[in-house]
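Trainee: I've got a model open and some of the wording puzzles me. Can we go through it together?
Mentor: Sure, pull it up.

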Amino acid sequence: MNERQIAPPALAVWILSHLLPHAERDNYLGDLEEIFRNEICPSRGVKAARRWYWLELLRAPITIGDRAPSEQLVPPIRGDGPVTNTLNDLRFAVRLLARRPGFTTLAVLTLALGIGATTAIFSAVYPIVVEPLPYPHADRVLMIYEREKKNETSFVGFTTFADFVRDSKSFEALAAMGQGSATLTGGDQPALLESQRVSPTYFDVLGVHAALGRSFRAEDDIRNTPRVTILSNALWRSRFGGDSAIVGKPIVLDANQYIVIGVMPPTFENVLAPGAQLWTPLRYEVSLPWACRSCRHLRMVGRLKPDVSAAQATREMETIFQRITKDHLTDYSAIGVAMPMLQDDLTKDAKPVLYALLGAVLLVLLIACANVTNLLLARAAQRSGEFTIRAALGAERGRVVRQLLTESLLLAAIGGTVGILVAVAGVKALVALSPAGLPRLAAISVNGPVLLFALAIVTLVGVAFGLVPAIHATRADLHEGIKQGSRRTAGSSRVTRGALVISEVALAIVLLVGSGLLLRSSSRVFAVNNGFEASNLLTMQIQAGGKLSNDTLVRRFYEQVSDAVKSVPGVESMGLTNQLPMSGDYDGQGVHIQNHPSPNPADDPSPFRYSVSPGYIEAMHIKLVRGRGFTAQDKAGAPGVAIINESFAKKYWPAGEDPIGQRVSANDPVKGPWLEIVGIVGDVKQLSPSNSKSDGIYMPETQWGYANNQMSLVVRAKGDAAALAPAIRRAIWAIDKDQPIVRVATAESLIAKSEAQRRFALVLFEAFAFVALALAAAGIYGVLAGTVTERLREIGVRSALGASAGDILGMIVKQGLGLAALGAVLGLIAAFGLSHVLTSLLFGVSPLDPATYVGVTCLLGLVAFGACLVPALRAARVDPMETLRAE
Amino acid sequence: MPANLGELEQLVLLAIARLGDDAYGVTVRKEIASRAKRSLSLGSVYTTLTRLDAKGFVASHLGEPTPERGGRRKKHFVITAAGRRALQRSMLAIRTMARGIDASWETP
């Protein structure tokens, strides 16, 4: 056994050596260590002995120094050592809080709400903004995009990627990746799994490797060799029972056999495709048609060499890219490369939302603190007698300040502890509410760093709201304090409390403006015309894989599905499409117009491509503007046809020129094959109601070069759409029970989900604004109630001198509303300055929207009036005789 | 008024008396554990010693440091004359009170 192992726990020794009185420290620690080594370790073992040592720490006589006269030259004064002082202060504070349960509960709950909400939001901010990604030297991992005009970015084609790999010297490894899906069979039910197809270097770039078996090697990426796959830890556990001998075994994906070569560690967080359950090699070659330079569907990521900076690498890649584009002019529309750090790229959409929320929640925390400070000030006013006596008996100013700080820190600590419970619940709600795009969802939890943050907040808060009353209490003049009754107090405290209420109202206004703007945006968004009718529309995605091994079989399956679904009772009409609006699908297609040749075909329009069945446009209730829709006659072998939408028509055909009858090609700008435009339909929002990108082209599915192996089914119901789902599923599985059906959802829920980020911010802002308003109202109420109590005598005199109840009521309400009005003005000014941070979340509403500002001011006025009324009524009912007699 | 002794104080004083030159925290605790079958924390032993010291029943001096104690000094305790008197008085009281009730009370 080595020396360190049998030593007492160093931390406990350290604590003890600071807590024990100097005179006893040496021999006491020595005794403990001797018992530890000679008695406890030999009989109970080191582990138990260390536990014993900690228990001994709890029982250590940390005040013994005060009572050992034989050791002390100076007569002992009770409460002299710093530890004893603190303990005494603490004991006193506990007693004080316990004696006022109402005050304590209110203060603790207010703080718990503030600290809890802040901690919960921080737990989301931390992994996304602060914590580096869980990869070694994550700051060296960069995404690589082609940079378009207008600073947009696009993915890369495989050939471009291959050129970068060959020519660049800045990277340890470069990887390309694409999304995929695979149907796993061999268990009880077919399972549709999300997969990620990657270059064999992918895991080298991230710096994480298989826990079981091995990661990919270059030879795994060669076409026509046995297929291999790596499983995620979750899939390995759920589908294969954590079989430790899985490596080398075959599994069946999409009717093909794959050999499992590895399993990733449970801690591996795949931020680039969080849902991926397995990985397969990309297996591209530059000769493949889908590897072309303009086939920009691969994401590219790289790990910098240790001695290369991001700026150097960007310069090198820029040079390479300029050379490539010069050699292949017609393949590129991009003007350069963009290489953000992976973490920045991943979090760029979530950051504005999170910052806005963090700002909002800090405002709530500030309001909570202001409120508790107010409570403490009110109480300090009542305790001014106590402080005066303390001072008169010789307590130094610092000593009283320390006592008050101990009290406020204790209050903050209790509030913080309850607040952490609030935070744990809050994080659960946050994760449940979170929009699909929020990165690193799994890493959001109340963990060590978050707890540290909470601790810091508690300390800060405790000191902040303890100092204000402490300064007030000790500034009070001794004479004044003794002369005055406890009911009347120094005016300076009243001023401070007024100022606190004003700032509470101001902060609440800022939050109210924020949530008002979001609320109005939200209603604007849902009033947007999406171009199709969402009510009574059911959608789902069907897969055609496995034994449906060629296009003929797949297309026959779709036909059978169409027929079967049409005959389900309650179905009015139906259609199939390769991409479904609002579902997250995104499939653009370069289209060349026969009569409008352009110098660089890569710059030609790239509308959304919809490969649809006849009946889709009708089932969606998409408006037919001119021409005709598709019919059953527009099939393979018949003349190629297409339908475009209005925005596409308007953008690429000058006014007066009719697109109908003109021809376009989705393949070659010179040779075609050509599709005749037979109709123009209304625009459909593809991505979300607030996203204006909407150029679209529709083509009959049967005329496209290959069959899609997944299609979305849209069903127009006569009644409730959701109720039809089981019957439709049964009808499809009656045809082929091996084809998975996924993404079953009503169109209405898809639209709601496509706006999830705004909704997320809205719900939280509303909650924060509500809390802020309630706290501000409580603040106004508290100050007025305090004023009324302090001014009882004055009020009594006033009414004795002839002031009516109405006069008194008016006086108090005026005081309260005066504070509120001042706060509101300051808040509105602040909101004017701050609301632009929400711009990215707003839709159809200016950050300076007058209606919102007026609305929230009215709301606040109303609430403030309500808060004034209660103490004002009490004041109005004051009996002058009674108060005067009491004096 | 001469102070009376609590039970723990009695135990600690008796242990010091038994141990002679070798009475310090560790041995006092051990003596009480092995004879009286009372397992005390070192903290309670020290609290009692401090109280006895304050009453003038024990005196202490510092010994030499030893390696098994992490190089820290021992604090040796001896009973003072006042301590001896207080212990005798308290033992006598117990014996007197117990005498004559029943033989089993005197010698358990």
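Trainee: What makes the span of helix α11 of chain A close to the one expected?
Mentor: Keep in mind that this is a predicted model. Helix α11 covers residues 350-382 of chain A, 33 residues in all. The expected span is 1.5 Å times one less than the number of residues, which gives 48 Å here, and the helix reaches 48 Å from its first C-alpha to its last. So the span is close to the expected one.

Trainee: And why is α11(A) called mostly covered?
Mentor: A residue is buried if 20 or more other C-beta atoms lie within 10 Å of its own C-beta. In α11(A), 24 of the 33 residues are buried, so "mostly covered" fits.

Trainee: How many residues are in the contact between chains A and B?
Mentor: Chain A puts in 21 and chain B 22. They count because their C-beta atoms lie within 7 Å of a partner's. On the chain A side, α2 (22-44) and α3 (46-59) each give two or more residues, and α2(A) gives the most, with 12. That side divides into 9 nonpolar, 4 polar and 8 charged residues.

Trainee: What is the pattern of chain B along the sequence?
Mentor: Chain B runs α-α-α-β-β-α-α, with 5 helices and 2 strands.

Trainee: How much of chain B is buried?
Mentor: By that same C-beta cut-off of 20 or more within 10 Å, buried residues make up 35% of its 108 residues. As for contacts in chain B between residues at least 6 apart in sequence, 48% join residues at least 24 apart.

Notes: Residues are numbered from 1 along each chain as its sequence is written. Chains are lettered from A and ligands numbered from 1 in the order in which they are written. This is a predicted model: local features need pLDDT of at least 70, side-chain atom pairs count only at pLDDT 80 or more; totals for chains, interfaces and linings use all residues. Helices (H or I, at least four residues) and strands (E, at least two) are DSSP runs, numbered from the N terminus. A residue is buried if 20 or more other C-beta atoms lie within 10 Å of its own, exposed if 12 or fewer, and partly exposed in between; C-beta atoms are placed from the backbone. Two residues are in contact if their C-beta atoms, placed from the backbone, lie within 7 Å. Ala, Val, Leu, Ile, Met, Phe, Trp, Tyr, Cys and Pro count as nonpolar, Asp, Glu, Lys and Arg as charged, and the others, Gly among them, as polar.
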